[in-house]
Amino acid sequence: MSASRTDASDKLDRIAVLCPTRGRSHKAHEVVGSWLETTSGQSDFWFVIDDDEAEGFPEIPRTKALVAKRGRRGMADPCNVAAGILSGQYRYVMFVGDDHRFRSPAWDAAFLRAVKGQGDWGYVYGNDLYQGANLPTAVMVTSNIIDAIGHFIWPELQHLYIDNYWLALGQAIGRITYLDSVIIEHMHYLLGKSEHDESYRAVNAPDVSARDAQAFAAWNSGMKSVEAATIRSLMQCES
């Protein structure tokens, strides 16, 4: 991907909400329901589904779906595929899990105000009633960052430490905003808000956790400075 691929003025001034989901049609309906109840009309909802589930995936009104080939366990690969497509169409790309629920009315308007206040570069996240300011478990990023570094998520990650990656990169470029009053609740099984199902067990397996911890540590001590410098250079060119 190239930063010059699509001029920012040609992109939709809206948020593309990406939601990877697998084997959880009930959660898919629930997260969309919460989005429909709270959106100010400045966001579009995109499911990210694996190719082996595409044929039977339910049609959910007001949403679209992108199909990504199933590779390693976890959400990083399919989300990078989807973000690579939608960053050419939208100025903002956001991740939510199918176990998140939008609670605050006009959350998307609040996110857009915040990101425009930081020069239309960087990350914005709300309060998930679990990690709070500590981690952006649901996050919006400006698509110019995806264009600049070529991915939404560090490709060596599978599923875990992804929110750590977003937080660290946002802090490294000095463009990340936490909105405590904007609730996007994380209905995580560790809080007793979801069933500890097979999807959770697969992506939280010890081998996945160990591998992702190592991959994040390697990025943090090496490529973080490279990615941050690339983004800061482009930010300066636009200032």
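**A mixed eight-stranded sheet and its helices**

In this predicted model, eight strands form an open sheet with mixed pairing, in the order β3-β2-β1-β4-β7-β6-β8-β5. The edge positions are taken by β3 (63–68) and β5 (100–102); each has a single partner strand, so one side of each is left without a neighbour in the sheet. From one strand to the next, the twist averages 35 degrees.

Several of the pairings can be followed bridge by bridge. Strand β1 pairs with β2 in the parallel sense through six bridges, and here A16 has D44 of β2 as its bridge partner. β1 also runs parallel to β4, to which five bridges join it; L12 stands opposite Y90 in β4. Further along the sheet order, β6 (residues 123–127) and β8 (residues 176–186) are likewise paired in the parallel sense, over five bridges. Within this pair, Y125 is matched with Y178 in β8.

Two helices can now be placed against these strands. Helix α3 (residues 107–117) packs on the sheet and touches β1 (12–20), β2 (43–50), β4 (90–95), β5, β6, β7 (139–142) and β8. The direction of α3 makes about 165 degrees with that of β8. Helix α5 (residues 162–173), for its part, lies across β4, β6, β7 and β8 and runs at about 125 degrees to β6.

A word on confidence is helpful when viewing the model. The average pLDDT of the chain is 90, and 88% of the residues score at least 70. Residues 1–5, however, have a pLDDT below 50, and this stretch has 13 contacts in the model beyond near neighbours in sequence. Where pLDDT is low, predicted coordinates should not be read in detail.

Methods: Residues numbered from 1 in each chain as written. Predicted model: local features only at pLDDT ≥ 70, side-chain atom pairs only at ≥ 80, totals over all residues. Heavy atoms only, no water. Pairing = 2+ DSSP bridges. Helix = DSSP H or I, 4+ residues; strand = E, 2+ residues; numbered from the N terminus. Axes fitted to C-alpha atoms, helices over the stretch in contact; angles between N-to-C directions. Contact = heavy atoms within 4.5 Å. pLDDT = per-residue confidence, 0-100.
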